[in-house]
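Visitor: I would like a close look at a single part of this structure, described with care and set in the context of what surrounds that part. Please take one helix and follow its packing.

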Amino acid sequence: MQSARTISSPAKNDGGVRTTEAVRPFVHVLADSSDKLAGVCSALERQFTVAGERLDAEARLSQVPFAVVVRAELRDVGTIAAIKKRAGKLAKATKRIFLVEHSSHVGISQAYALGATLVLPGALNKSKLLAALADPAELASAGSSDAPQPDNAVEAAATAIASMFTAVTLGEPLDVDSTKEAGRRIADRITEHGLSEWLATVRRHHEGTYQHCLLVTGVAIDFGLSLGVGRADLERLYSAAMFHDIGKAQIPLAILDKPGRLDTDERAMIEKHPAAGYEFLKDHEKISPEILDAVRHHHEYLDGSGYPDALCGESINDIVRILTISDIFAALIEHRHYKPTMPRTEAYNILCGMTGKLEKALVTSFKEVALTR
């Protein structure tokens with residue numbers, strides 16, 4: 001590995017005039033090579049005050065940055081150890097963005113396990129990185145000692161989802177208790193702050209499949225709360241939501257996060273995920289029959305046109321009906337870098353148009369959740 005090196009960038013505006021760090025938020029960059037370090041610093045230095053260091057150097061992070069950007073090979077044990085050594089200080093940053101060049105479920109899971117709030121897979125993309133850092137509300141509070149710290153409910157949930165995907169991919173034991181605990185924390189967060197705040201926070205920090213799982217869980221919880229379900233049913237609902245897409249761990253990310261329409265073969269592969277998730281979970285003693293049913297059947301419709309079992313009518317239980325509506329709504333309002341976020345009103349109108357597929361009374365009850373909560 002090359003010798004240790006630290007890179008820093010003075011605060012300048014586009015005209016070359018020095019400005020203050022309060023105006024230009026501080027971003028700290030960590031990388032496992034000088035080339036990677038220089039590339040990220042160069043991409044950011046026109047808009048941020050940037051300092052960087054090699055992961056094989058002594059840790060130099062002396063002030064709390066607005067954001068940390070990590071560009072490193074997460075399959076290297078030494079690199080992972082170096083990041084963990086800095087974990088205490090990194091945790092204080094509002095954003096922790098990991099640039100993962102080898103796009104895989106395991107690599108992304110590892111990033112979240114190391115504390116990422118957002119993972120950008122693939123080669124360095126300056127536009128994506130700047131967009132991920134450009135949150136006006138957070139930029140305004142960057143550098144303020146009174147700025148709120150990142151919410152642990154989001155991180156705990158993302159880490160739980162990442163761990164689930166890793167367990168499926170590598171055949172490791174599944175930590176059901178941690179996943180359910182993460183769901184409980186989301187429920188507490190939404191009870192205190194509301195659904196809209198949860199949706200905004202998740203969309204700021206996550207993309208792709210993990211964002212979808214977090215959105216579905218939040219929507220399903222708020223839907224359950226609005227319906228007045230009891231504590232036991234709410235736990236079943238958020239557990240089902242957390243686990244519902246676990247079968248997607250067996251589907252390549254290139255298909256899961258593909259921009260645009262899937263071809264016939266890709267669609268067929270995607271449609272295997274409910275049954276795959278069910279098969280992975282069915283023998284786990286801590287997964288109840290109700291949760292298994294929801295995992296397998298969250299893409300079933302009342303008219304029998306869904307998959308994988310073409311269930312219809314009374315064969316579809318209440319938790320599944322709630323989860324299906326939540327899943328469709330969350331998919332419609334997701335933020336993807338290749339398409340604008342659909343307004344909640346438009347997404348709700350699509351649900352209303354799914355006559356015969358979704359329970360009409362539940363869709364009507366969902367209106368307040370979709371539009372005002």
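Guide: What follows is a look at one helix, H15, with its neighbours and then its wider setting.

The model is a predicted one, and its chain contains 19 helices and six strands. Of the 373 residues in that chain, 51% count as buried. Helix H15 spans residues 289–297, and because seven of its nine residues are buried, with buried taken as under 20% relative accessible area, this helix is largely enclosed by the rest of the structure. The buried residues run from Ile291 through Leu292, Asp293, Ala294, Val295 and Arg296 to His297, and they pack against helix H8 (176–193), helix H11 (231–243), helix H14 (273–281) and helix H16 (318–333).

Two of these neighbours, H11 and H14, can be followed residue by residue. The axes of H11 and H15 come within 9 Å and cross at roughly 40°; with 35 degrees as the limit for a roughly parallel pair, H11 and H15 are therefore oblique to each other. The crossing of H11 with H15 is right-handed. On the H11 side the contact involves Arg236, Ser239, Ala240 and Phe243, which meet Glu290, Ile291, Ala294 and Val295 of H15. Sorted by class, the residues of this contact comprise five nonpolar, one polar and two charged. A general point about helices helps in reading such a list: an α-helix has 3.6 residues a turn, so residues three or four places apart point the same way.

With H14 the geometry is of another kind. The axes of H14 and H15 come within 7 Å and cross at roughly 155°, and because an angle over 145 degrees counts as roughly antiparallel, that is the relation of H14 to H15. Here Pro274, Ala275, Gly277, Tyr278, Glu279 and Leu281 of H14 meet Leu292, Val295 and Arg296 of H15, and the contact is made up of six nonpolar, one polar and two charged residues. Val295 of H15 thus appears both in the contact with H11 and in the contact with H14.

The H11 contact also leads towards the interior of the model. Phe243, which belongs to the H11 side of that contact, is listed with Phe98, Trp198, Leu351 and Phe366 as touching the most other members of the largest nonpolar core, a set of 96 residues. The largest share of this core, eleven residues, is contributed by helix H7 (residues 152–170). In general, nonpolar side chains in soluble globular proteins tend to be buried together. Another of the listed core residues, Phe98, touches Val70, Leu74, Ile83, Ala111, Leu114, Ala116, Leu118, Val119 and Leu120, leaving aside residues up to four places away in sequence. There is also a second, separate core of 20 residues, with Val27, Val29, Leu99 and Leu118 among them.

For comparison, another helix pair can be set beside those of H15. Helix H1 (residues 34–44) and helix H5 (residues 126–133) pack at an angle of about 60°, with their axes 10 Å apart, and the two are therefore oblique to each other. Their crossing is right-handed, and the contact joins Val40, Ala43 and Leu44 of H1 to Lys126, Leu129, Leu130 and Leu133 of H5. The residues of that contact divide into six nonpolar, no polar and one charged. Across the chain, 68% of the contacts with a separation of 6 or more are between residues 24 or more positions apart.

Conventions:
Residues are numbered from 1 along each chain as its sequence is written. This is a predicted model: local features need pLDDT of at least 70, side-chain atom pairs count only at pLDDT 80 or more; totals for chains, interfaces and linings use all residues. Side-chain values use heavy atoms; hydrogens and water are left out. A nonpolar core is a set of buried Ala, Val, Leu, Ile, Met, Phe, Trp, Tyr and Cys residues joined through side-chain atoms within 4.5 Å. Buried means under 20% relative accessible area, exposed over 50%, partly exposed in between (1.4 Å probe, protein chains only). Helices (H or I, at least four residues) and strands (E, at least two) are DSSP runs, numbered from the N terminus. Contact means heavy atoms within 4.5 Å. Axes are lines fitted to C-alpha atoms, for helices over the stretch in contact, and angles run from 0 to 180 degrees between N-to-C directions. Angles under 35 degrees count as roughly parallel, over 145 as roughly antiparallel, 65 to 115 as roughly perpendicular and the rest as oblique. A crossing is left-handed if the near helix is turned anticlockwise from the far one by less than a right angle, and right-handed if clockwise. Ala, Val, Leu, Ile, Met, Phe, Trp, Tyr, Cys and Pro count as nonpolar, Asp, Glu, Lys and Arg as charged, and the others, Gly among them, as polar.
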